[in-house]
Structure formats: structure tokens, C-alpha cells
Amino acid sequence: MILSMTGYGKAECPLRGRKLVCELRSLNSKSMDLSVRLAPQVRAHELDLRTIVAQRLERGKVDLLITNEGVNDLTNEALTPVNWAAVESYAAQYKALFREVPAEVMAAILRFPDVLKQQEDTSDLTDEEWKTVQAMLNEAIDAFIAFRTQEGAALHNMFNEKLDGIADLLAQVEPFEKGRVAKIKERLEANLAQLSADTQAQIDRNRLEQEMIYYLEKLDITEEKVRLTNHIKYFRETMDGEGTGVGKKLGFIAQEMGREINTLGSKSNQSEMQIIVVKMKDILEQIKEQVLNVL
């Protein structure tokens with residue numbers, strides 16, 4: 001089953017009195033394009049985190065975000081501390097101008113720069129803590145892959161529906177194909193009949209028949225129909241049989257389908273056939289757009 005390159009996954013774990021939150025997001029990309037934003041505690045392990053993500057997700061424009069979230073516990077050491085030295089300095093400067101500091105002014109002082117400082121724990125993780133972070137990341141990746149699988153199933157159904165549409169349109173070409181050879185012969189014979197008797201007498205009928213056969217062979221679309229049918233079959237087999245990592249291959253198959261459809265259009269000398277070819281091109285463009293989202 002194919003996978004989509006669009007995905008999202010999230011996981012959490014406790015770490016040093018805080019909650020560590022891991023989020024993964026991705027869009028389509030030709031290769032692995034990974035950007036990370038990490039909480040201070042895990043920055044030292046950035047290379048290891050990148051390696052895990054790259055190995056499991058293969059490719060895509062991936063964003064990895066690991067952040068801290070505080071815990072509502074008044075006894076917790078992770079609560080943001082007050083920089084009392086800064087508070088006293090601001091208050092002293094205010095008192096130098098005014099004799100006392102009203103409550104509303106003190107509230108404003110607490111919003112001044114450097115009054116509240118976020119503590120950042122940058123000490124190395126222990127082996128157990130690192131295992132906890134790894135487990136969290138893998139849990140987020142599992143959720144991410146589940147999302148990709150769900151989106152991939154939707155793409156799989158859409159591709160089959162579009163391929164059925166092209167196959168149905170190809171079948172509609174056959175009635176026009178059978179009648180057009182006879183019409184071409186009739187038109188050529190009618191044009192010859194308009195020539196003078198002397199001119200007609202000078203025509204080499206054997207050579208004329210050879211030229212007509214050559215001309216009709218140039219307009220024959222049997223090979224294009226067979227190749228397009230085979231490409232449709234191969235597209236389905238690739239989706240069903242080769243699993244993940246086939247997005248680029250499906251793109252190449254879609255390109256080959258486009259070549260056959262274009263050749264059908266160039267050989268179509270009836271407006272009805274040309275309309276069918278335009279419809280096939282429209283469906284194929286929709287397939288090509290969505291193939292870009294396949295892993």
C-alpha cells in the first residue's frame with residue numbers, strides 16, 4: 001500500500017518535572033528535508049534525533065518540534081523564578097522619583113525585561129532519560145506513519161478511480177477507430193474522382209494503393225492503445241505490489257501514459273476522438289498532481 005508524504009504525529013513524555021512534547025509534520029519533497037526545533041534538554045542529541053527521523057521517514061519536507069510544557073505544581077522547581085534583584089532595582093529607581101510604589105506599578109514592573117527568567121536545564125540527559133526521549137520520538141513517528149498510511153489509502157482509491165476513467169475513455173475510442181479508416185478511403189476516392197479522366201489514366205493504381213496503406217498505417221493507434229493499457233496495469237501493480245517509496249516511479253509511469261495519450265491526440269483526425277483525448281489528458285493531470293504526494 002502506498003503512503004502519503006503528508007503526515008502528522010504527536011507524543012508526550014515527562015522529563016525532569018516537565019512535560020516534553022514531540023510533534024512531526026511533513027509535506028511533499030523530492031528528498032529528506034528535515035528542520036528541527038528542540039527544547040534545551042535534548043539539543044545535545046540533535047544528530048541522533050535527525051538520524052532516527054531520516055531512517056524511518058525516508059523523504060519529505062519534515063518539521064520536528066520538541067518543546068517543554070510546564071506542570072501546574074506550585075512546589076515544582078521548574079516554575080519560572082522571579083529575579084528579585086531586578087525587581088528591587090526597578091522599585092528603587094521608582095522610589096527615587098516617587099516615595100512609594102503602588103500595586104499597579106509593581107504589577108507593571110513584573111513585566112519588565114529580566115524580571116522573570118525562564119530556567120533552562122541544559123545538563124546532559126542520563127541514559128534512562130535519553131531512552132525516554134527516544135521512546136517518545138518513536139511513538140510520534142508511529143502516529144505519523146499511521147497518518148501517512150490513512151492518507152495513502154485515500155490516494156490509492158483516488159488513483160484507481162482516475163485510472164478507471166482513462167480506461168473507460170480509451171474504450172470509447174474504438175467505435176470511432178473502426179469507422180474512420182473507411183471514411184478516409186472514401187474521402188481519398190472522392191478526391192480522385194474529381195480529377196480529369198486524363199489525370200486519372202496517368203495514376204499508377206498500385207503505387208496509389210501502397211501510399212494509401214502507408215498513410216493509414218501512420219494513423220493506426222493500435223500500438224498506442226496497447227501501451228497505454230499496459231501502463232495503466234503497471235501503475236496499479238506498482239501501487240499494490242511494491243509498497244512504500246514508489247512515488248517517483250509512479251511519476252515516471254504517468255509521464256509514459258502522457259506520451260501515449262499525446263500520440264493518440266496527434267493521430268486523431270475526428271473531433272469526437274480529440275474530445276476523448278482532451279478528457280484523458282485532464283484526468284492524467286489530476287493523477288500527476290497527486291503523485292507528487294506519494295512517498
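Here are a few worked exercises on the sheet and the helix packing of a predicted model.

Some ground rules before we start: residues count from 1 along each chain as its sequence is written, and side-chain values use heavy atoms, with hydrogens and water left out. Since the model is predicted, local features need pLDDT of at least 70 and side-chain atom pairs count only at pLDDT 80 or more, while totals for chains, interfaces and linings use all residues.

**Exercise 1. Work out the strand order of the open sheet and how its strands pair.**

Step 1. Get the elements straight: helices (H or I, at least four residues) and strands (E, at least two) are DSSP runs, numbered from the N terminus. Two strands pair if DSSP finds at least two bridges between them.

Step 2. Go through the pairs. Strand 1 and strand 2 are antiparallel over nine bridges, with G7 partnered by S26 in strand 2. Strand 2 (residues 18-27) also pairs with strand 4 (residues 60-69), antiparallel over nine bridges; there, E23 has L65 of strand 4 as its bridge partner. Strand 3 (residues 32-37) runs parallel to strand 4 over six bridges. Along that pairing, L34 sits opposite V62 and R37 opposite L65.

Step 3. Put it together: four strands, order 1-2-4-3, mixed pairing. Strand 1 (7-15) and strand 3 each have a single partner strand, so they are the edges, and one side of each lacks a neighbour in the sheet. On average, neighbouring strands are turned by 15 degrees against each other, direction ignored.

**Exercise 2. Place helix 1 against the sheet and give the hand of its β-α-β unit.**

Step 1. Helix 1 packs on the sheet and touches strand 2, strand 3 and strand 4 (contact means heavy atoms within 4.5 Å). Its direction makes about 145 degrees with that of strand 3; such angles run from 0 to 180 degrees between N-to-C directions, with axes fitted to C-alpha atoms, for helices over the stretch in contact.

Step 2. Strand 3, helix 1 (residues 46-57) and strand 4 form a left-handed β-α-β unit. For reference, a crossover is right-handed if, with the strands pointing away from the viewer, the path from the first strand over the helix to the second runs clockwise.

**Exercise 3. Describe how helix 8 packs with helix 7 and with helix 9.**

Step 1. Start with helix 7 (residues 222-241): it packs on helix 8 at about 160 degrees, with the axes 9 Å apart. That makes the two roughly antiparallel (over 145 degrees; under 35 is roughly parallel, 65 to 115 roughly perpendicular, the rest oblique). The crossing is left-handed, that is, the near helix is turned anticlockwise from the far one by less than a right angle.

Step 2. Now helix 9 (residues 271-291). Its axis and that of helix 8 (residues 247-267) come within 10 Å and cross at roughly 165 degrees. These two are therefore roughly antiparallel as well, and their crossing is left-handed.

Step 3. Look at who touches whom. Helix 8 residues in the helix 9 contact include G247, G251, A254 and G258, and those of helix 9 include V277, M280 and L284.
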